Amino acid sequence: MAYVHAEIASQPDCWRRAAELAPTVLDRLPSPGERVAVVGCGTSWFMATAYAARREAAGQGETDAFQASEFPAGRRYDRLLAITRSGTTTEVLELLSALRGRTPSTVLVGDPDSPAVSVADAAVTMPFADERSVVQTRFATTALALLRAQLGDNITALVADAEVAVRAPLPIDPSLIEQVTFLGRGWTIGLAQEAALKCREAATFWAEAYPAMDYRHGPISVAAPGRLVWAFGELPDGLPEDVAATGAAFAHSRTHGVRTVLGRWAAGRTPVDPMADLILAQRFAVALATSRGLDPDAPRHLSRSVVLT
């Protein structure tokens, strides 16, 4: 587990470096007012989803997120932004090639020598955030940190939260949990989806994700003692009480270990940024794998990049 542990722990430094990089690449990133499509696969798609919601909510312009394979060819955008760690994913390369000369494109990528760099019109390379692990953690969140910095978010405060999250106690012992559901609202829906994916990838564990407001429209039926509901960001009124009535455990940045530590270390700054909470969820997934006798550096049926032949 040497790779994934070290990469999770390195996120505060990677996010700090992303914030330093952002002002130097503004001409390659979406400008205010542009109609933007953001694409990725797997984890990168979830980061695209989070960024799209946050950018549009910030009044920067209409922003849609798609899996690269499901991009609607008939739509027109001012810019395509692709997020890809390896720059070798088949679906991303095919989309960039198909849109070349029609839609300006930018790729956020870990490997500066990857094929995506030459196919896209512009590239933002982040080799400092690239990973050896199959399971993505720091590259994806660093890409989102860069994009949030471009939106004007306070990355200094985010990094401070992250520095606590890499060492804070987990909200619950993973060995006591048989199922987990992650919830989010707005841009944190993408974080919830990513947290669930980490549990599935690293630990082959039953994990789901939903918009928090939709959770009571059916998915809450699986909540029960021995199961966990973990919410990111804003909480709908009455949700913690409804979860408690099922007997399931409930975790949120205002209730678990990170909030307790930050309450002493940085009084008055609440709630904890949901991206810092995602670090805890990544650590939870790795701890789940360990408790199940699995190696999260060698996930079942997965490779570092999906290259179709």
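**Exercise 1.** In this predicted model, determine which kind of contact joins the side chains of R148 and D273.

*Solution.* Step 1. Recall that side chains of opposite charge can pair when their charged atoms come close. Step 2. Apply the cut-off: a salt bridge requires a side-chain nitrogen of Lys or Arg within 4 Å of a carboxyl oxygen of Asp or Glu. Step 3. For R148 and D273, the N to O distance is 2.8 Å, and the two side chains form a salt bridge. Step 4. Place the residues in the chain: the domain assignment gives domain 1 as 3-156 and domain 2 as 168-292. Between domain 1 and domain 2, the count is one salt bridge.

**Exercise 2.** Describe the contact between domain 1 and domain 2.

*Solution.* Step 1. Begin with the separation: the C-alpha centres of the two domains are 25 Å apart. Step 2. Count the residues: 20 residues of domain 1 touch 18 residues of domain 2. Step 3. Consider the area: about 1600 Å² is buried between the domains, and carbon and sulfur atoms contribute 72% of this area. On the side of domain 1, the residues that lose the most area to domain 2 are I8, F46 and R148, which together account for 30% of what that side buries. Step 4. Add the polar contacts: five residue pairs between domain 1 and domain 2 are in polar contact, with both residues at pLDDT 80 or more. Step 5. Identify the helices: α1 (2-9), α2 (11-21), α3 (43-57) and α6 (138-151) each supply at least two residues of the side of domain 1 that touches domain 2. The largest share of that side, seven residues, is supplied by α3.

**Exercise 3.** Establish the order of the strands in the open sheet of four strands, and explain which strands stand at its edges.

*Solution.* Step 1. The order is β7-β6-β8-β9, with parallel pairing. Step 2. β7 (207-211) and β9 (249-252) each have a single partner strand, so one side of each lacks a neighbour in the sheet; these two strands stand at the edges. Step 3. From one strand to the next, the twist averages 20 degrees. Step 4. Examine one pair: strand β8 (residues 227-231) and β9 are joined in the parallel sense over four bridges. Here W230 stands opposite A251 in β9.

**Exercise 4.** Explain what the salt bridge between E178 and R227 ties together.

*Solution.* Step 1. The whole structure contains 15 salt bridges. In the bridge between E178 and R227, the closest N and O atoms are 2.7 Å apart. Step 2. E178 belongs to the loop between α7 (155-165) and β6 (179-184), whereas R227 belongs to strand β8; therefore the pair ties together parts that are 49 residues apart in sequence.

Conventions
Residues numbered from 1 in each chain as written. Predicted model: local features only at pLDDT ≥ 70, side-chain atom pairs only at ≥ 80, totals over all residues. Heavy atoms only, no water. Pairing = 2+ DSSP bridges. Axes fitted to C-alpha atoms, helices over the stretch in contact; angles between N-to-C directions. Domains from an automatic or database assignment. Contact = heavy atoms within 4.5 Å. Buried area = accessible area lost by both parts, 1.4 Å probe. Polar contact = N/O pair within 3.5 Å; in protein donor to acceptor, adjacent residues only side chain to side chain.
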